[in-house]
Amino acid sequence: MDAAATHVARPAYPIPENVFAETVVSVRHYTERLFAFRITRPASFRFRSGEFVMIGLPNAEKPVFRAYSIASPAWDEEIEFFSIKVENGPLTEHLQKIVPGDTVLMRRKPTGTLVLDALMPGRRLYLLSTGTGVAPFASLVRDPETYEKFEEVILVQTCREVAELTYITELVAGLKDDPLVGDAAGKLRLYTTTTRETSPRMGRITHLMRSGQLFADLGLPPIAPETDRAMICGSMAMLNETKSVLESFGLVEGANNAPATFVVERAFVG
Ligand code: A2P
């Protein structure tokens with residue numbers, strides 16, 4: 001193991017009481033800006049697909065914690081995360097160097113609004129994301145409950161470059177062989193777009209919804225509150241803009257204690 005890896009590997013400080021210390025199982029780098037990793041799952045850790053947890057590294061007495069959406073489904077034996085690499089980011093500048101066997105800290109309490117319970121019943125579910133905002137949806141599309149509740153699921157991700165779409169594209173392609181999802185994967189449609197590299201579909205998610213192009217491409221009517229539900233995850237600017245697009249279609253924001261027709265979550269990075 002090289003020096004860059006070992007400096008985050010072993011807990012140099014006592015592990016705080018309210019956190020789990022878990023072991024990195026695998027790491028995959030997709031681009032210079034994006035990577036995914038899996039850690040062991042503590043037996044007592046329960047969460048709902050779509051929720052987030054605070055994670056950190058045992059490399060300081062007071063570790064830096066950041067909120068990360070759990071990308072794996074609630075039934076999975078491991079926990080998966082999909083992360084950006086921020087230059088000089090207090091957590092990600094170290095986190096991007098983890099290797100199998102290293103320790104990752106995870107606070108014990110998951111939370112979040114991107115859960116099926118926060119939405120009223122509907123026919124179609126739109127999962128709208130940019131960049132690493134796709135992570136909670138990577139969890140939800142691997143959860144059979146999503147397909148029990150909705151007849152059709154539309155997963156949208158806008159990224160700068162084509163290679164940034166690899167994570168979700170491969171995940172969705174593998175779903176039909178997933179023993180728990182199986183045939184229900186036929187209910188899922190993936191719609192990916194890029195903004196800074198030429199690809200078959202280009203443009204921001206917000207623009208494609210406003211212009212109607214997204215619905216024309218999918219052969220669907222525009223979003224309507226009678227049939228459609230939505231979840232949004234991305235940067236703060238993306239959240240605000242996508243939220244106003246959904247509101248223009250007549251959808252209303254909900255929460256865990258007040259289910260409605262769409263919910264929003266910030267993709268925290270740093
Ligand atoms: P763009 O290339 O036009 O900025 P980032 O990696 O910066 O988080 O961006 C991920 C994707 O989200 C990019 O394709 C970016 O498009 C897009 N994006 C950034 N801001 C918004 C916004 N306010 N609404 C919709 N999409 C956005």
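Biologist: Where do the domain bounds in this model come from?
Modeller: The model is a predicted one. Its domain bounds come from an automatic or database domain assignment.

Biologist: Which domains does the assignment give for the protein?
Modeller: The assignment splits the protein into two named stretches of sequence. These are domain 1 (3-107) and domain 2 (116-264).

Biologist: What distance separates the centres of domain 1 and domain 2?
Modeller: The centres are taken over C-alpha atoms. On that basis, the separation between domain 1 and domain 2 is 25 Å.

Biologist: How many residues of domain 1 are in contact with domain 2?
Modeller: Contact here means heavy atoms within 4.5 Å. On the domain 2 side, 22 residues take part. On the domain 1 side, the count is 22.

Biologist: What area do domain 1 and domain 2 bury between them, and which residues of domain 1 lose the most?
Modeller: The size of an interface is often given as the accessible area lost when the parts come together. For domain 1 and domain 2 that comes to about 1,700 Å², with 55% of it on carbon and sulfur atoms. Three residues together account for 31% of what the domain 1 side buries. They are Arg33, Trp75 and Phe82.

Biologist: Which residues are around the ligand?
Modeller: Arg33, named above for the area it loses to domain 2, is also one of the residues around the ligand. The others are Thr130, Thr158, Cys159, Arg160, Thr195, Arg196, Arg204, Thr206, Ala237, Met238 and Glu241.

Biologist: How many residues of the shell around the ligand are charged?
Modeller: By class, the shell has 3 nonpolar and 4 polar residues. The charged residues number 5.

Biologist: Which element gives the largest share of the shell around the ligand?
Modeller: Both β8 (152-159) and α8 (236-248) supply at least two residues of the shell. The largest share is 3 residues, and it comes from α8.

Biologist: What percentage of the ligand's exposed area does the protein bury?
Modeller: Side-chain N or O atoms of Arg160 and Arg204 each come to 2.9 Å from an oxygen atom of the ligand. For a polar side-chain atom of Arg196, the distance to a ligand oxygen atom is 2.6 Å. Taken alone, the ligand exposes 560 Å², and the share of this that the protein buries is 82%.

Biologist: Which side chain makes a polar contact of 3.2 Å with that of Glu152?
Modeller: Glu152 is found in strand β8, which also supplies residues to the ligand shell. Leaving aside neighbours within four places in sequence, Glu152 is in contact with Arg123, Arg124, Leu125, Lys187, Arg189 and Leu220. The 3.2 Å polar contact joins the side chain of Glu152 to that of Arg124.

Definitions and conventions
Residues are numbered from 1 along each chain as its sequence is written. This is a predicted model: local features need pLDDT of at least 70, side-chain atom pairs count only at pLDDT 80 or more; totals for chains, interfaces and linings use all residues. Side-chain values use heavy atoms; hydrogens and water are left out. A residue is near a molecule or strand if one of its heavy atoms lies within 4 Å of it. A polar contact is a pair of N or O atoms within 3.5 Å; within protein, one must be able to donate a hydrogen and the other to accept it, and residues adjacent in sequence count only if both atoms are side-chain atoms. Accessible areas come from the Shrake-Rupley method with a 1.4 Å probe; for residues, only the protein chains shown count as cover. Helices (H or I, at least four residues) and strands (E, at least two) are DSSP runs, numbered from the N terminus. Ala, Val, Leu, Ile, Met, Phe, Trp, Tyr, Cys and Pro count as nonpolar, Asp, Glu, Lys and Arg as charged, and the others, Gly among them, as polar. Buried area is the accessible area (1.4 Å probe) that two parts lose on being put together, summed over both.
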